[in-house]
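Colleague: Please walk me through the terms used for this model, and tell me how each one is earned.

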Amino acid sequence: MNFSISYVRSVLALLVFTLIGCKSNTVRLNDIQVIGSHNSYKIAIEKPLYDYLYSLEPEKIEGLQYGHISLEQQLDLGLRNLELDVFHDPLGGHFSYPKGLEIIRSLGKEPLVFDEGEKLKVPGLKMFHVQDIDFRSHDLLFKDGLQSLKKWSDNHPEHTPIVILMNTKDQKVPQTRTPLVFGKNALDSLDLEIRSVFPLDKLITPDLVRGNFKTLEEAILTVGWPKLKNLRGKFLFVLDEKEERINDYLVDHQSLKGRVLFVNSKEGNPEAAFRIVNNPVKDFEYIKTLVAKGYMVRTRADAATKEARTNNYKKFKMAEVSGAQVISTDYYVPSTLFTSEYKVIFEDGTYERIKK
């Protein structure tokens with residue numbers, strides 16, 4: 001008897017749902033382990049532009065040779081972690097007409113259609129990877145991406161919580177336009193745009209996890225994260241940034257009171273609960289220690305296409321054993337841009353499970 005791939009995936013997803021559901025009276029959020037994607041919105045750089053950039057800086061550009069299916073398709077597949085990058089653009093138009101399009105034309109080729117709806121002219125946070133060179137995105141407007149996630153969630157109301165990592169981008173890249181500084185107002189707009197799409201009952205917030213404890217860290221170290229059965233159909237957002245930007249986000253919001261996002265604060269701080277530790281080989285014991293104490297941890301199975309090009313699963317295997325609850329990859333399905341069989345998935349053919 002022949003079964004379609006989509007049918008098999010649906011059956012596996014149902015089995016995972018049943019397994020987790022049966023134990024959900026005792027299972028807490030930090031007891032599960034999920035696979036997710038890195039720069040989840042990204043559409044691969046089109047070949048003429050990629051080849052041109054590669055001729056200038058092959059090592060750097062090789063690390064950009066990946067892309068993803070849409071956010072909804074990733075969730076359909078079973079991924080329960082996404083990563084979204086945003087740029088500040090309160091007036092709109094700052095990132096319109098990326099230079100990469102002109103580079104392609106200068107090579108005597110016509111670029112693929114881009115931003116037909118002129119989304120980049122609309123005020124608000126924009127979502128793509130690198131200004132002018134890696135600018136293609138399934139959702140150029142952050143809010144459009146959020147609305148896609150909300151729609152998918154409404155159609156799958158019992159889904160395992162989805163962890164969304166957020167990077168706020170204002171890095172200067174030589175020979176590209178200068179992004180706007182991602183300051184306090186821009187950080188506030190993150191909360192505003194998320195709240196404009198997601199009602200409170202769709203969000204796992206620091207206030208929800210803190211409960212009656214004085215600090216968020218005290219709550220997760222004392223009683224732990226909420227039970228999974230109470231979190232189905234919800235989203236948890238995390239600000240993946242360095243200390244200075246985290247401190248800006250914390251102004252007037254000690255221990256993240258009233259905020260939407262958790263932050264990557266080191267243990268010992270009142271807001272510490274979710275940690276980003278990207279190298280599960282180098283920091284294996286550190287991750288294990290954090291997990292044992294009750295923190296949630298995100299780590300990576302691969303980076304910059306290196307593991308995929310060599311079919312190296314060491315990071316992924318170490319990530320699994322470390323107990324990190326969130327494992328990020330660019331290759332939940334094999335690459336279509338270069339020859340590789342590398343694919344990050346659990347042994348049972350799923351992307352979420354109760355930790356062993």
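Modeller: Happily! Let's start in strand 8, where Ser-328 is the bridge partner of Arg-300. The model is predicted, so local features need pLDDT of at least 70 and side-chain atom pairs count only at pLDDT 80 or more, while totals for chains, interfaces and linings use all residues. Numbering runs from 1 along each chain as its sequence is written, and side-chain values use heavy atoms, leaving out hydrogens and water.

Colleague: How do you know that strand 7 and strand 8 pair?

Modeller: Pairing needs at least two DSSP bridges between two strands. Strand 7 (residues 296-300) has three to strand 8, in the parallel sense, so the two strands pair. Strand 1 (residues 32-37) also runs parallel to strand 8, with four bridges, and Ile-35 stands opposite Ile-327.

Colleague: What makes both faces of strand 8 covered?

Modeller: Val-326 and Ser-328 on one side, and Ile-327 and Thr-329 on the other, are all buried (under 20% relative accessible area, with a 1.4 Å probe and protein chains only; exposed is over 50%, partly exposed in between).

Colleague: Why is helix 7 called roughly perpendicular to helix 10?

Modeller: Their axes, which come within 9 Å, cross at roughly 70°. Roughly perpendicular covers 65 to 115 degrees (under 35 is roughly parallel, over 145 roughly antiparallel, the rest oblique), so helix 7 earns that name against helix 10. Lys-184, Leu-187 and Asp-191 of helix 7 contact Arg-245, Asp-248 and Tyr-249 of helix 10 (heavy atoms within 4.5 Å).

How values were computed:
Axes fitted to C-alpha atoms, helices over the stretch in contact; angles between N-to-C directions.
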